[in-house]
Each structure stands twice: as C-alpha cells, then as structure tokens.
Amino acid sequence: MIVASPSSLYSDLDVRVELDAPLAAQTWFGIGGRADILIHPQSVQALETLTRRCRRDGIPLRVLGSGANLLVDDDGVDGVVLKLDAPVFQAVEFNASGRIERMRAFGGASMEKLVLECSRRGIRGLEQMAGIPASVGGAVRMNAGGKFGAIGDVVDAVAVVAVDGELSVLTRDSLHFAYRETSIPKGSIVWASFRVESDDPIACRARVLEIFAYKKSTQPMSAASAGCMFRNPVMPNGTMESAGRLIDRAGMKGARVGGAFVSDAHGNFLAVDRGARTDDLRALIEKVQAAVSVNSGVELATEVVFWRRGDAV
Ligand SMILES: Cc1cc2nc3c(=O)[nH]c(=O)nc-3n(C[C@H](O)[C@H](O)[C@H](O)COP(=O)(O)OP(=O)(O)OC[C@H]3O[C@@H](n4cnc5c(N)ncnc54)[C@H](O)[C@@H]3O)c2cc1C
C-alpha cells in the first residue's frame, strides 16, 4: 500500500525519490516489503531540510545503511526511508584536518572498502571491522564489532542530523559507546572521524586478513542473514554469555519455520532461503526465544533492527 506522496516535502530539494520502493534487495536478508517513499538526499542541506519537514509534518523517518542488520516487515514501512548513497555521503578523507592520525568518512561510505583502503595505505585502527558488512553510519549507530574490538573504540567525533533537522558535531568526550549501542541521538549520522595510526601496509593487511579468516571460520558469512540475531545476554553473575551457545544447548541449531532456519554452523545466525517471508523469520525468532527460556531461563533480546509500519519516531 502506498500513501499519498507528500511531494511538498521534497519537490524543491536536491534529492532523488523512489515511490513504493522495494527494500528486500537493500537488505542482507533479501526479504521484506516496500518503503512508501525512499529518498536519496544529494546534499547535507537537503538532508537537514527534509528531516525538519518530516518532523514538522509528523512523517516517520528511517535511515537505511547497507541493510546488514535490518529486518523489514512483509508489509513494508510507512513514511520516508533515507538512503545516504549520493557521492557526498560516500566520501572519505584521509589525513583529515591535515593530520595523519585523523580520518573522516561519511555515513554512506562502505565499511568494507574503507577497511581495505586503510590497510592499503598503511593506516591502523579499523582492522576490527574486517568482515563486518556495513555503511559507516550503520556501523557507528550499532557500535559494530566483536572479539577484536568495536568501531566505537576509535571514533573521534560524529556529525549527526538529529530528528529536528539540526546538524551537530559530537566529540568523543560527549559520546558513550557500549555493547552494540551508542549515546548518539536519533537521526542521520552524516560523518564520523576516527583516530588512526600509521603502520606498515603489510602488517595492516596481515591483521585484516587474520581477522577476516577468523570470522570466516566461525560464522556462515554467505548465508542470507544479519549476522548475530540476538544480543549476548549478561548472566546473573555479571558475565556475558554467548547467545549462540545457549541456542545450541537448547537444541535449536537447524530449527526451521517456513523458509527461515537456524544455521548449523552458528546458533546465533538465523538465515533465510530465497522466497522466505519476514513472518517466517519472526516466528522462528519467537521459537528460539521460547526454547532458550525453557532450557536456560534466559530471555534473549534481538540485536537485529526491525522495521514495520507505525513503529518509527
Ligand atoms: C554476514 C554478517 C556478519 C555480521 N557480523 C557482525 C559482527 O561481527 N559484528 C557486528 O557488530 N555486526 C555484525 N553484523 C551486523 C551488521 O554488519 C552491523 O550491525 C552493521 O553495523 C550494520 O550496518 P548497516 O550499514 O548495514 O546498517 P543497517 O542494517 O542498514 O541499519 C542498522 C541500523 O543502523 C541505522 N543506520 C544505518 N545508517 C545510518 C546512518 N547513516 N545514520 C544513522 N543511523 C543509521 C539504521 O537506521 C538501523 O537502525 C553482521 C551482518 C552480516 C550480514
């Protein structure tokens, strides 16, 4: 279903607009419905004005990164979905502000390409992101990372267009990063700058390959998934437990609902076959949560972001 297009929102702005736009191909799951309006702002100013107008008119606004941590409802999403893929949002500046130890990347830049380019140039700091599919904005928003560290470890500053349309720059001392979350206000992450160091390109490349090889050997990277479905829970004794281990112990590896299944290789990877429905995956998530709750008394919370009509702010 498509709502009436509020073209007054964007007709005078430097944006590219798609109405009733399919989102499935924009996510790693490859499933889910359509966005009523998908807008690609071509400038920071257009992004600010559009955001301000959405706020003024009460139109829901969501930001799509590379879709690697996103599950879109079968019925799609209302309001405006933003995609920061214009050239201005994919820019990367090495030696930002003339300093070798500063790098700035815009929100729509590819994290995979950035990691490779850093190792090619002999820049150390982002190796922990090897093998994590993301846009820079999505990685910072999720504080993506793992065993080798998270992106928040090296973020120096972040520019965000908040939901009121105001652009502000937040420096490290005012930012808080925790396990898969940050204190960055809701809105669009326009750019992030990073503290990096010069190193031998061969050593950088070796480290990236080592981390990538580890990920590849422990995770089903090519499955249609969003990586880990559930957050690792904190146990009563204060330690963090592996959600994958709990799912394995609950006998859920290989469990299936319709076209959605729990990976045999990694219990926390829930994946889908081509043609699966988001409803299949939702039902599987509930089945896994119920089994783990019965088996170990732990209530698993999802790490993956869900988009459905009526849920945006
Ligand atoms: C095979 C595979 C392996 C993975 N392994 C890991 C891993 O090891 N560690 C890990 O942490 N994650 C992992 N993930 C999950 C995913 O890579 C991360 O969560 C990543 O940060 C998602 O970035 P994205 O650009 O795809 O964001 P999306 O999935 O597009 O969006 C995720 C959230 O970020 C928000 N967002 C996106 N862009 C912006 C922006 N510019 N400004 C503000 N908000 C924004 C969205 O609104 C949404 O709330 C994996 C996923 C896959 C498919």
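The following exchange concerns the ligand site, the cysteines and one loop residue of a predicted model.

Reader: What makes the contact between Lys215 and the ligand a polar contact?

Author: A polar side-chain atom of Lys215 lies 2.5 Å from an oxygen atom of the ligand. A polar contact requires a pair of N or O atoms within 3.5 Å, so this pair qualifies.

Reader: Which backbone atoms lie at such distances from the ligand, that of Ala68 and that of Gly145 being of interest?

Author: A polar backbone atom of Ala68 is 2.8 Å from an oxygen atom of the ligand. For Gly145, a backbone N or O atom is 2.7 Å from a ligand nitrogen atom. Both pairs fall within 3.5 Å and therefore count as polar contacts.

Reader: How much of the ligand's accessible area does the protein cover?

Author: On its own the ligand has 970 Å² of accessible area, and the protein covers 94% of that.

Reader: Which residues and elements form the shell around the ligand?

Author: The ligand is surrounded by 32 residues, the closest being Val63, Ser66, Pro133, Ser135 and Lys215. Strand 3 (61–64), helix 3 (136–142), strand 15 (187–195) and strand 20 (305–307) each give two or more residues. Helix 3 has the largest share, with five residues. By class, the shell comprises 17 nonpolar, 12 polar and three charged residues.

Reader: Why is the ligand said to lie between domain 1 and domain 2?

Author: Residues of the shell come from both domain 1 (7–86) and domain 2 (88–218), so the ligand lies between them.

Reader: How do you know whether Cys204 is bonded or not bonded to Cys118?

Author: A disulfide is a covalent bond between the sulfur atoms of two cysteines. The cut-off is 2.5 Å between the sulfurs. The closest cysteine sulfur to that of Cys204 is in Cys118, at 8.2 Å, which is too far for a bond. By this rule the model has zero disulfides.

Reader: Why is Cys204 called buried, and what is Cys228 called?

Author: Buried means under 20% relative accessible area. Cys204 has a relative accessibility of 2% and therefore counts as buried. Cys228, at 22%, is above that limit but not over 50%, so Cys228 is called partly exposed.

Reader: Is Val298, in the loop between helix 6 (278–296) and strand 20, buried or exposed?

Author: Val298 has a relative accessible area of 9%; this is under 20%, so Val298 is buried. In sequence, Val298 and Val234 are 64 residues apart, while their C-alpha atoms are 9.3 Å apart in space.

Definitions and conventions:
Residues numbered from 1 in each chain as written. Predicted model: local features only at pLDDT ≥ 70, side-chain atom pairs only at ≥ 80, totals over all residues. Heavy atoms only, no water. Near = heavy atom within 4 Å. Polar contact = N/O pair within 3.5 Å; in protein donor to acceptor, adjacent residues only side chain to side chain. Areas by Shrake-Rupley, 256 points an atom, 1.4 Å probe, with all protein chains shown as cover. Helix = DSSP H or I, 4+ residues; strand = E, 2+ residues; numbered from the N terminus. Nonpolar A, V, L, I, M, F, W, Y, C, P; charged D, E, K, R; others polar. Domains from an automatic or database assignment. Buried < 20%, exposed > 50% of the residue type's maximum accessible area, 1.4 Å probe, protein only.
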